[in-house]
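Q: Could you take a close look at one part of this structure, the sheet strands and what packs around them, and talk me through it in one connected account?

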Amino acid sequence: MGYMAASRPLSRFWEWGKNIVCVGRNYADHVREMQSAAPSEPVLFLKPSTAYAPEGSPVLVPAYTRNLHHELELAVVMGKRCCAVPEAAAMDYVAGYALCLDMTARDVQDECKKKGLPWTLAKSFTASCPVSAFVPKEKIRDPHNLKLWLKVNGELRQEGETSSMIFSIPYIISYVSKIMTLEEGDIILTGTPKGVGPVKENDEIQAGIHGVLSMKFKVERPEY
C-alpha cells in the first residue's frame, strides 16, 4: 500500500485518476439559458482521463469546432471506492474538491442534440477538462455554500453559487455510484451555472472558488 500511495498522491489526482463523470444540467439558470427542460434526474456524460489539462497546460480548441464554450464547475474528488452508496453516507467517500472547466464544442453539441446522438465529440476531446489544484475536504466546510466565478480576458462571464444546484452533491454521488463504481481519484463535475460563452485562440480564462483558489489558462490551437 505504501508504494501505491506514494506514487498516487490525491493532490495530483489528474495524473492517475481514471474516471471523469459530468452532470449536464444542475443549475436552473443554466437550464433556462440553454432552453432545456429541467431534469427529473441528473443528466450524465463522461470525459476520458486524457481530457485533463492541469494549470500550466493550455486549453485546446478542437479543429472541428467554430464555437468552443467555457462551463465552470465544482468537481468532487473521490477518496475511496464507492458502489451503490446511500445518499446519507455519500460524503464519507469524498477526499476533496477541485475547480474544473467543462469545455464544450457548442456547435457540435447542437448537432448531436438535433440528431439524438451522444455528446462525446462535443465534450470529451483532449484537454476538455482544465483542472485546478486539489482542495482537501477539510478546507471546504460546506460545498453547497461556495461562489464560483470565471473571467475571459479580465471580463466577468460566469458567477454562480453552489447553493443553487438542483441535485445536491451527496445525491449525485449516490446516483452515479448506483450506475457505475467510482474509484479513488475519480471525479464528478457537478454542473455549470449560467453565463457560458465562447472563447477563441489566445484568450485567457481565469476562474476561481471565492476565498479558496483561482486558476488561469490560455486557449490554443493544437499542433495537429
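A: **Strands and their surroundings**

Five strands make up an open sheet, in the order β4-β16-β15-β11-β12, and the pairing within this sheet is mixed. The model is a predicted one, and what follows should be read with that in mind. At the edges of the sheet are β4 (59-60) and β12 (155-161), each of which pairs on one side only. Within the sheet, strand β15 (residues 204-209) runs antiparallel to strand β16 (residues 213-220), the two being joined by 6 bridges. One of the places where they meet is isoleucine 209, which stands opposite leucine 213 in β16.

A second group of strands, centred on β6 and β7, deserves the closer look. Strand β6 (residues 72-78) and β7 pair in the antiparallel sense, over 7 bridges. Leucine 72 stands opposite leucine 101 in β7, while methionine 78 has valine 94 as its bridge partner in that strand. As for the general background, strands of a sheet pair through backbone hydrogen bonds, and they may do so in a parallel or an antiparallel way.

Both of these strands are mostly covered. In β6, 7 of the 7 residues are buried, and the covering concerns both faces of the strand: Leu72, Leu74, Val76 and Met78 are buried on one side, and Glu73, Ala75 and Val77 are buried on the other. In strand β7 (residues 94-101), likewise, 8 of its 8 residues are buried.

Each of the two strands also has a further partner. β6 is joined to β13 by 3 bridges, with the two running antiparallel, and here alanine 75 stands opposite leucine 189 in β13. β7, for its part, is joined by 2 bridges to strand β10 (residues 135-136), again running antiparallel, and glycine 96 stands opposite proline 136 in β10.

From here the account turns to the nonpolar core. The largest nonpolar core has 63 residues, and those with the most contacts inside it are Phe13, Ile173, Ile187 and Ile188. β7 supplies the largest share of this core, with 7 residues. Phenylalanine 13, when its neighbours within four places in sequence are left aside, is in contact with Tyr52, Val77, Ala98, Val131, Phe134, Gly185 and Ile187.

Helix α6 (residues 169-179) belongs in this picture too. Because 8 of its 11 residues are buried, α6 is largely enclosed by the rest of the structure. The buried residues of α6 are Ile169, Pro170, Ile172, Ile173, Ser174, Tyr175, Val176 and Ser177. They pack against β1 (20-23), β2 (44-47), β6, β7 and β13 (187-189).

A bench reader may also wish to know how the cysteines stand. The count of disulfides comes to 0. The sulfur of cysteine 100 lies 3.9 Å from the closest cysteine sulfur, that of cysteine 129, and because a disulfide requires sulfur atoms within 2.5 Å, this separation is too far for a bond. Cysteine 129 is therefore in no disulfide, the nearest cysteine sulfur being that of cysteine 100 at 3.9 Å. Cysteine 100 counts as buried because its relative accessibility is 0%, and cysteine 129 counts as buried because its relative accessibility is likewise 0%.

Ahead of β6 in the numbering, histidine 69 is found in strand β5 (residues 68-70). With a relative accessibility of 11%, histidine 69 counts as buried. The side chains of histidine 69 and asparagine 67 are joined by a polar contact of 3.1 Å. Apart from its neighbours within four places in sequence, histidine 69 is in contact with Asp102, Met103, Thr104, Arg106, Val196, Gly197 and Pro198.

Finally, a word on the annotation. According to UniProt, in an unreviewed entry, the domain "Fumarylacetoacetase-like C-terminal" covers residues 20-219. In the model, the end C-alpha atoms of residues 20-219 lie 21 Å apart, and the span is 16% helix and 35% strand.

Key:
Residues are numbered from 1 along each chain as its sequence is written. This is a predicted model: local features need pLDDT of at least 70, side-chain atom pairs count only at pLDDT 80 or more; totals for chains, interfaces and linings use all residues. Side-chain values use heavy atoms; hydrogens and water are left out. Buried means under 20% relative accessible area, exposed over 50%, partly exposed in between (1.4 Å probe, protein chains only). Helices (H or I, at least four residues) and strands (E, at least two) are DSSP runs, numbered from the N terminus. Two strands pair if DSSP finds at least two bridges between them. UniProt positions are given in the numbering used here, feature names are shortened, and annotations may be inferred rather than shown by experiment. A polar contact is a pair of N or O atoms within 3.5 Å; within protein, one must be able to donate a hydrogen and the other to accept it, and residues adjacent in sequence count only if both atoms are side-chain atoms. Contact means heavy atoms within 4.5 Å. A nonpolar core is a set of buried Ala, Val, Leu, Ile, Met, Phe, Trp, Tyr and Cys residues joined through side-chain atoms within 4.5 Å.
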